[in-house]
Amino acid sequence: MRFLFLITGLVALEVHAQSAPADPVDMGDVVHYVVVRKAVVYAEPNKRRPYVQLSFREPVFVLSSSDGWSRVHTQDGAYGYVPDEAVSKVWIRVSKTRKRLYLYDGTRLVMEVPADFGFNAFADKEKRGSEAERDHWRTPEGAFYVVRKNPNSQYHKAFLLNYPNAEDAERGLQTGLVSQREYDNIMAAEKASKAPPMNTRLGGMIEIHGEGTGLSTNWTQGCVAVENSRMDRLWGWVHEGTPVIIQK
């Protein structure tokens, strides 16, 4: 399943870190992910001795936090310090069946809000929808992330998701929905953590945005819509890079 790694990384590893036996150095470590494009690990809790550069969205374990600095270790075994604002453990889960959006801080549920979905709320997204094919105005399922925040959306505010992602590109190539060139462009965007092409037959411009009804209805062209007041609350929590799991 396309969201298995994300769930493992953000939830299972965190629970394991809090409950499993560990040596004194690792006790209490919690998995986070990098939310700035050029995060640096420093040897000390200051910027005098840069040590390692981290990749955007790279998982790291936070061992402790004090005075604006988090002590971390990476999956490659490096230890050091990063500014607190460089990492996050916030993520979003969306349930199409329950018609809800859930915001988590690690394993702690921060918010649960009603959400509106695509015209066809029951199926996974396969290709671009239109007035002539309203059935394909579907909300995609799987593991995505916020690739861009838009404070001036026509729908109040919006978080653009990285749909179509690499898995969608593979499916599109196999079914003939995208050309080899379009496939390569989507894969290149995925590697660079940039917005993918939105104009292929797979569709695009899938967002979590405002102007929701609060009544859990089905009217969007595949986006997830919440009330403006809820979107304002989400805005302060969510970063570019925030993981988003959309489930049936």
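In the predicted model, Arg-93 is a buried residue, its relative accessible area being 18%, a value that qualifies because the cut-off for burial is under 20%. Arg-93 belongs to strand S8, which spans residues 90–95. The side chain of Arg-93 is engaged in a polar contact with the side chain of Tyr-104 at 3.1 Å. When neighbours within four places in sequence are set aside, the residues in contact with Arg-93 are Arg-100, Leu-101, Tyr-102, Tyr-104, Ile-245 and Gln-247. Of these contacts, the one with Ile-245 joins positions 152 residues apart in sequence, whose C-alpha atoms are 4.7 Å apart in space.

The strand that carries Arg-93 is part of an open sheet of eight strands with mixed pairing, arranged in the order S10-S9-S8-S17-S12-S13-S14-S16. The edges are occupied by strand S10 (108–114) and strand S16 (224–225), each of which has a single partner strand, so that one side of each has no neighbour in the sheet. Helix H4, comprising residues 228–237, packs on this sheet and touches S8, S9, S10, strand S12 (142–153), strand S13 (156–161) and strand S14 (207–209), with a direction that makes about 55° with that of S13.

On one side, S8 runs antiparallel to strand S9 (residues 100–105), to which it is joined by six bridges; within this pairing, Ile-92 has Leu-103 of S9 as its bridge partner. On the other side in the strand order stands S17, with which S8 pairs in the parallel sense over four bridges, and here Ser-95 has Gln-247 of S17 as its bridge partner. Strand S17 (residues 243–247) is mostly covered, four of its five residues being buried. The pairing of S17 with S12 is antiparallel and likewise rests on four bridges, with Gly-142 placed opposite Ile-246 of S17.

A second buried arginine, Arg-138, is located in the loop between strand S11 (117–118) and S12, and has a relative accessibility of 7%. A polar atom of the Arg-138 side chain lies 3.0 Å from the backbone oxygen of Asp-124. Beyond its neighbours within four places in sequence, Arg-138 is in contact with Asn-120, Ala-123, Asp-124, Lys-125, Glu-126, Ile-206, Gln-221 and Gly-222.

In helix H2 (residues 166–175), the buried residues include Ala-166, Asp-168, Ala-169 and Gly-172, which lie on the same side of the helix because the arc they cover around the axis is only 155°. Elements covering the buried residues of H2 include S12 and helix H3 (180–192), whereas the exposed residues Gln-174 and Thr-175 are carried on the face turned away from the buried side. At the start of H2, a side-chain oxygen of Asn-165 comes to within 3.1 Å of the backbone nitrogen of Glu-167, and just after the helix Gly-176 adopts a positive phi of about 80°.

With regard to confidence, the mean pLDDT of the protein chain is 90, and 88% of its residues reach 70 or more. Residues 1–28, however, have a pLDDT below 50, although this stretch makes 45 contacts in the model beyond near neighbours in sequence. Where pLDDT is low, predicted coordinates should not be read in detail.

Conventions:
Residues are numbered from 1 along each chain as its sequence is written. Side-chain values use heavy atoms; hydrogens and water are left out. Helices (H or I, at least four residues) and strands (E, at least two) are DSSP runs, numbered from the N terminus. Buried means under 20% relative accessible area, exposed over 50%, partly exposed in between (1.4 Å probe, protein chains only). Contact means heavy atoms within 4.5 Å. A polar contact is a pair of N or O atoms within 3.5 Å; within protein, one must be able to donate a hydrogen and the other to accept it, and residues adjacent in sequence count only if both atoms are side-chain atoms. Two strands pair if DSSP finds at least two bridges between them. Axes are lines fitted to C-alpha atoms, for helices over the stretch in contact, and angles run from 0 to 180 degrees between N-to-C directions. pLDDT is the predictor's confidence in each residue, from 0 to 100. The arc is that of the directions from the helix axis to the C-beta atoms.
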